[in-house]
Amino acid sequence: MGYKLNHVHLVCRDLQEMIDFFEQNFEARLVAMKKFGGVDGATIDLAGTTINLRVPQQQENLTDPCNCKIYGYHHMGITVDDIDAEYKRLSDKGYKFSMPPKDMDETLRIAFFEGPEHITVELLQIKG
């Protein structure tokens, strides 16, 4: 059997804000606006990774992201070429980092920040 991750699907309150976040910060492109289970959604492409976004369905009771993380989701990781430049660029835009760039070992440097609706994003720079 061959396995490959097909997509990540996020539920968000403000669909356009989440689309803008990925487009403006990570050069993602909008593939299509669509419906998922009858509610508004979108598919975006982030360097070959599909991210599906949708608003909550009427019967869904989402955890308030201001109080805690949604069960099962921790963070998403995005590889960048220059983590220090990204840290400055995103900080200048007002994004708050819970962990500024840090060397994990001689091959990996990481940082974490909070995106819209309290999603956690990890930036990774693979040092070669």
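1. Strands β3 (residues 39-46) and β4 (residues 49-54) run antiparallel and are joined by six bridges. At one point in this pairing, L46 has T49 of β4 as its bridge partner. The model is predicted, and the remarks below should be read with that in mind.

2. The β3-β4 pair belongs to an open sheet of four strands, ordered β1-β4-β3-β2, in which the pairing is mixed. Its edges are formed by β1 (7-11) and β2 (29-36), each of which pairs on one side only. From one strand to the next, the twist averages 20°.

3. Helix α1 (residues 15-26) lies across this sheet, over β1, β2, β3 and β4. Relative to β3, the helix runs at about 5°.

4. Further along the chain, A111 is found in strand β7, which covers residues 108-114. A111 has a relative accessible area of 0% and therefore counts as buried, the limit being under 20%. Apart from neighbours within four places in sequence, A111 is in contact with I83, F97, M99, P100, P101, V121, E122 and L123.

5. How far apart in space are A111 and D40? Their C-alpha atoms are 32 Å apart, with the two positions 71 residues apart in sequence terms. D40 falls within the residue range of β3, whereas A111 is in β7.

6. D82 sits in the loop that runs between β5 (76-79) and α2 (83-92). Its relative accessibility is 38%, so D82 is classed as partly exposed, the class between 20% and 50%. A polar atom of the D82 side chain lies 3.1 Å from the backbone nitrogen of A85. Computed along the chain, D82 and Q24 are 58 residues apart, and their C-alpha atoms are separated by 17 Å.

7. Q125 lies in strand β8 (residues 120-126). Is Q125 buried or exposed? Q125 counts as buried, because its relative accessibility of 15% is under the 20% limit. The Q125 side chain reaches the backbone nitrogen of I83 at 2.9 Å.

8. The contacts of Q125, leaving aside neighbours within four places in sequence, are V80, D81, D82, I83, T107, L108 and R109. D82, the loop residue of point 6, is thus one of the residues in contact with Q125. I83 appears in the contacts of Q125 and also in those of A111.

Conventions:
Residues numbered from 1 in each chain as written. Predicted model: local features only at pLDDT ≥ 70, side-chain atom pairs only at ≥ 80, totals over all residues. Heavy atoms only, no water. Helix = DSSP H or I, 4+ residues; strand = E, 2+ residues; numbered from the N terminus. Buried < 20%, exposed > 50% of the residue type's maximum accessible area, 1.4 Å probe, protein only. Contact = heavy atoms within 4.5 Å. Pairing = 2+ DSSP bridges. Axes fitted to C-alpha atoms, helices over the stretch in contact; angles between N-to-C directions. Polar contact = N/O pair within 3.5 Å; in protein donor to acceptor, adjacent residues only side chain to side chain.
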